[in-house]
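Good morning, and thank you for making time for this presentation. Please take a moment with the sequence and the structure before I begin.

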Amino acid sequence: MIVLVGSEKGGVGKSTIAAHVAVRLSMTGKPTILIDADPQATSWAWAQARNKYKPDSLRVETTKMTGDIRPGIKDLAASYGHIVVDCGGADSVALRSGMMIAHRLIIPSKVARRDLETLKHVSTLVHTANEKRESEGQSQLLARVVFNMTRALPNFWTRIEGAKKVVESLGLGVCPYPIVERVSYDDTQYQGGTVFDDKTDQKAIDEMERVLKSLLRKENTE
Ligand SMILES: Nc1ncnc2c1ncn2[C@@H]1O[C@H](COP(=O)(O)OP(=O)(O)OP(=O)(O)O)[C@@H](O)[C@H]1O
Ligand SMILES: [Mg+2]
């Protein structure tokens, strides 16, 4: 499976989620590679930190790519069962070309209005990519927004529900499970880990498992 993680907003959790997707897919036993297509190279740095601080943890191969990532992905597909791409937080050739070849696009977003506004253009990109894919007889790219850094407060659900309606009105699907803001995500990411490796925050493990199961399932209808 080829999974892109991208958006047009900085600091919404793309690299964190890409790392969790890569580790979770590695846990299936299939060879998995994480491509860093963001010039900031956060995922690359995460992988370096993983080799340094967590030499005994599940290995995740990593490489960097820029520009049209299709030829590089096609080459890697011969050796890797799963390919995860951190596309960064801007409209780019990497993001657009990746949308033509991926099976899934995960779009992390906060629920704030300013963040939701950036999804308008992402939605246009997804629809344009899907029109092209259809004309080429390819299956559709399944794109889902996942709300990240939410609060575990009862009244926050009203905000999440409101944000969900905004996203759906843009023609994008939404993951039914949000990701709560938890220090364990930040702490583990810094040292090349994920909540799956550290196994100390069970709530985060259960939450991320639920989110990824929903985002990566074959029939993404939930
Ligand atoms: N659910 C969360 N709870 C707490 N901290 C989080 C959560 N998700 C991400 N973070 C932290 O927020 C910061 C930004 O996350 P991350 O680097 O994944 O975002 P990004 O979208 O990739 O940013 P950029 O646009 O700079 O590439 C990091 O320090 C990360 O550890
Ligand atoms: Mg990033």
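I shall go through the sheet, then the helices that pack on it, and finally two loop residues.

Please bear in mind throughout that this is a predicted model.

Let me begin with the sheet. It is an open sheet of seven strands in the order 3-2-4-1-5-6-7, and the pairing is parallel. Which strands stand at the edges? They are strand 3, residues 61–64, and strand 7, residues 173–174. Each has a single partner strand, so one side of each is left without a neighbour in the sheet.

I turn now to the pairings within that order. Strand 2, residues 32–36, runs parallel to strand 4, residues 82–86, and five bridges connect the two. Within this pair, Leu-34 has Val-84 of strand 4 as its bridge partner. Strand 4 is also joined to strand 1, again in parallel, by four bridges, and here Ile-2 is placed opposite Ile-83 of strand 4. Strand 1 in turn runs parallel to strand 5, with three bridges between them; Val-5 faces Ile-106 of strand 5. Strand 5 then continues to strand 6 through six bridges, also in the parallel sense, with Arg-104 opposite Leu-142 of strand 6.

Two of these strands deserve a further word on burial. In a regular strand, side chains alternate between the two faces of the sheet. In strand 1, Ile-2 and Leu-4 point one way, Val-3 and Val-5 point the other way, and all are buried. How many residues of strand 5 are buried? Six of the six are, so strand 5 is largely enclosed by the rest of the structure. Arg-104, Ile-106 and Pro-108 are directed to one side of strand 5, while Leu-105, Ile-107 and Ser-109 are directed to the other. I would draw your attention to Arg-104, a buried residue of this strand.

Next, the helices on the sheet. Helix 1 lies across strands 1, 2, 4, 5 and 6, and runs at about 170° to strand 4. Helix 7, residues 156–169, also packs on the sheet, where it touches strand 6 and strand 7. The direction of helix 7 makes about 155° with that of strand 6.

Helix 1 has a helical partner as well. Two packed helices are described by the angle between their axes and the distance between the axes. For helix 1, residues 14–26, and helix 2, residues 42–53, the angle is about 50° and the axes are 9 Å apart. That angle makes helix 1 oblique to helix 2. The crossing of the two is right-handed. On the helix 1 side, Ser-15, Ala-18, Ala-19 and Val-23 take part in the contact; on the helix 2 side, Thr-42, Ser-43, Trp-46 and Arg-50 do. Of the residues in this contact, four are nonpolar, three polar and one charged.

Finally, two loop residues. Most residues other than glycine have a negative phi. Ala-41, which is not a glycine, has a positive phi of about 60°. Ala-41 belongs to the loop between strand 2 and helix 2. Is Ala-41 buried or exposed? Its relative accessibility is 15%, and Ala-41 therefore counts as buried. Met-149 also has a positive phi, near 60°, and is found in the loop between strand 6 and helix 7. With a relative accessibility of 28%, Met-149 counts as partly exposed.

That concludes my presentation, and I thank you for your attention.

Technical notes: Residues numbered from 1 in each chain as written. Chains lettered and ligands numbered in written order. Predicted model: local features only at pLDDT ≥ 70, side-chain atom pairs only at ≥ 80, totals over all residues. Heavy atoms only, no water. Axes fitted to C-alpha atoms, helices over the stretch in contact; angles between N-to-C directions. Parallel < 35°, antiparallel > 145°, perpendicular 65-115°, else oblique. Left-handed = near helix turned anticlockwise from the far one by under 90°. Contact = heavy atoms within 4.5 Å. Nonpolar A, V, L, I, M, F, W, Y, C, P; charged D, E, K, R; others polar. Pairing = 2+ DSSP bridges. Buried < 20%, exposed > 50% of the residue type's maximum accessible area, 1.4 Å probe, protein only.
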